[in-house]
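The following exercises concern the structure shown below. Each task is followed by a solution that proceeds step by step.

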Amino acid sequence: MSIGANNKNILVIGSLAYDYIMNFDGRFKEHIMPDKVHIINVSFTAQKLSKEFGGTAGNIAYNLKLLGNNPVIVATTGDDFTEYAQWLKANQISNKYIKILKNNYTASAHIITDLDDNQITSFYGGAMMGNDKSIAAIIKTTKPKLAILAPNCKKGMVNHHLELAKNNIDYIFDPGQMIIAFNKNELVSMFSHAKAAIFNDYEMQLFTEKTKIEVDKARKMIEYLIITLGSSGSLIYYQGKKFIIPPARPKSNLDPTGAGDAYRAGVITGMLNGWDIDSMGRAAGLCSIYTVEKYGTQTHKFSINQFKKRYRQNFNTDLKI
C-alpha cells in the first residue's frame, strides 16, 4: 500500500475550535520577572492577528486528508460552526459525526507566540465540553481501522478510551496539554490501553511526574511511544527499541501552532500503511513543517507528489513505502 491509497476510516476524536493566532515581536522571558511571578501582571502587544480554523481534531483531520486518508471527526461545536462546516466540506472532510450543541459557542483558542516560539494560550472549551457522549454507535457504523484520542473534553476522553478498548479498536493516546487535568489512574489507563502514545518532551515529563512511570518503563508498556523534540526531531520507541528521527527543514518559521497535530497525521499514515519506523517518523516530521511555514493550522497545502519530492530533498532518500 502506498501513500494516498488508504481508504480505511480513522476516528479523530478531539476538539474543533476557532484559533486566534497572534505574534509578539519580542521574548516573553524579557518581560517576566522570576521573583514576581506570584503577582504576575503582564500584557504583550501582538504585531499580527489571524482567525483560523483549528482544534486538535480539525487539524489532524486536515493533514490526514492531505496525505490521502479518510478521517472521521468526532467532536461537538456551537451555533457559530457554520463557517467551519463549510471549510470542512470544501476540503472533503465529513462532518457527519460532528454534533452542534445549541446555545453554545464553538471552542476558541487565543495563542500568542514570541520570537523563541514560546507560546501562551488561553482556551475556552465552550461546546467542546459536551463531547462526552457514547461513541459506541459511531464505532459500529464506521468500523474504524484506527482512532486517535486527542485533547478535548476530559470526561469524554476517559469514557471514549474505554469504549475503544472494549470494541478492540487500536488508538493513539494524545493527551497534550490535557495531562494536567487527569489523575494518575486515568492517565495510566488511557496509556496502557493504547497502541501508541505521543507526547512532546515537556508533556512526557509531566506524564512521568504524575504517574511515576519513567520512560524506560513506559516504552515497554506500549507498542509505540513517541516523543517529539521540536526542531530537534523526535524519538520513537517501537516494541522497546529506540529510533532517533532527524528533523525536516522548514523554509521559514512563521508559526509553530498546529505542528504537533500535523506530525500526528504523519504517524497515523505511516502506521496504517505499514511503513518502517524511520520512514514514518521522518514523514511525520516533514508534515509538521508545512504548517510551521504558514500562519494558521490549516492554511498549508501539498500534493502527494510534492510531499514525496520534499521528503527526498530533506532526507536524501525516497520515502520507502
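**Exercise 1.** Determine which residue of β8 is the bridge partner of I13, and place β8 among its neighbouring strands.

*Solution.* In this predicted model, I13 has L149 of β8 as its bridge partner. The next step is to find a second pair between these strands: I10 is bridged to L146 of β8. Strand β1 (residues 9-13) runs parallel to β8, and the two are paired over 4 bridges. On to the next strand: β8 and β9 are also parallel and are joined by 3 bridges. Here L149 appears again, standing opposite F173 in β9.

The whole sheet may now be written down. It is open and has 9 strands, in the order β5-β4-β1-β8-β9-β10-β11-β12-β13, and its pairing is mixed. At its edges are β5 (98-100) and β13 (241-245), each of which pairs on one side only. From one strand to the next, the twist averages 20°.

**Exercise 2.** Identify which helices pack against this part of the sheet, and state at what angles they run.

*Solution.* Begin with α4, which lies across β1, β8 and β9 and runs at about 160° to β8. Helix α5 packs on the sheet as well, touching β8, β9, β10 (196-200) and β11 (224-228). The direction of α5 makes about 145° with that of β9. Finally, consider the connection: β8, helix α4 (residues 154-166) and β9 together make a β-α-β unit, which is right-handed.

**Exercise 3.** Decide which residues of β8 are buried on each side of the strand.

*Solution.* First recall a rule: side chains in a regular strand alternate between the two faces of the sheet. Next, sort the residues of strand β8 (residues 146-149) by side: L146 and I148 lie on one, A147 and L149 on the other. All four are buried, so both faces of the strand are covered.

**Exercise 4.** Establish whether D174 is buried or exposed, and describe its surroundings.

*Solution.* Locate the residue first: D174 belongs to the loop between β9 (171-173) and α5 (184-192). The relative accessibility of D174 is 2%, and a residue counts as buried under 20%; D174 is therefore buried. Next, look for a polar partner: the side chains of D174 and R264 are joined by a polar contact of 2.8 Å. Beyond four places in sequence, the contacts of D174 include I60, I148, L149 and A150, as well as P151, M157, I198 and R264. Two of the residues from Exercise 3, I148 and L149, are thus among the neighbours of D174.

**Exercise 5.** Find where M271 lies, and state which core it belongs to.

*Solution.* M271 is placed in helix α8 (residues 259-273). With a relative accessible area of 13%, M271 is buried. Leaving aside neighbours within four places in sequence, M271 is in contact with L146, I172, K195, A196, Y224 and M280. One of these, A196, is 75 residues away in sequence, with 9.8 Å between the C-alpha atoms of the two residues.

The core follows from here. The largest nonpolar core has 52 residues, and those touching the most other members are I73, I172, V267, I268, M271, M280 and F307. The greatest contribution to this core, 8 residues, comes from helix α9 (residues 277-292). Apart from it lies another core, of 35 residues, including V72, V158, M178 and L235.

**Exercise 6.** State how many residues of helix α1 are buried, and what follows the helix.

*Solution.* Helix α1 (residues 56-66) is mostly covered, with 10 of its 11 residues buried. Among them are T56, A57, G58, N59, I60 and A61. Three of the residues in α1, namely A57, G58 and A61, are in contact with I73. After α1 comes G68, whose phi is positive, near 85°.

**Exercise 7.** Describe the sheet that contains β2 and β6.

*Solution.* This sheet is open, has 4 strands in the order β3-β2-β6-β7, and shows mixed pairing. Its edge strands are β3 (48-54) and β7 (119-124), each pairing on one side only. Within the sheet, β2 (residues 17-23) and β6 (residues 107-113) pair in the parallel sense over 7 bridges. As an example, Y18 has S108 of β6 as its bridge partner. Lastly, helix α2 (residues 82-90) lies across β2 and β3, at about 65° to β3.

Definitions and conventions: Residues are numbered from 1 along each chain as its sequence is written. This is a predicted model: local features need pLDDT of at least 70, side-chain atom pairs count only at pLDDT 80 or more; totals for chains, interfaces and linings use all residues. Side-chain values use heavy atoms; hydrogens and water are left out. Two strands pair if DSSP finds at least two bridges between them. Contact means heavy atoms within 4.5 Å. Axes are lines fitted to C-alpha atoms, for helices over the stretch in contact, and angles run from 0 to 180 degrees between N-to-C directions. A nonpolar core is a set of buried Ala, Val, Leu, Ile, Met, Phe, Trp, Tyr and Cys residues joined through side-chain atoms within 4.5 Å. Buried means under 20% relative accessible area, exposed over 50%, partly exposed in between (1.4 Å probe, protein chains only). A polar contact is a pair of N or O atoms within 3.5 Å; within protein, one must be able to donate a hydrogen and the other to accept it, and residues adjacent in sequence count only if both atoms are side-chain atoms. A crossover is right-handed if, with the strands pointing away from the viewer, the path from the first strand over the helix to the second runs clockwise.
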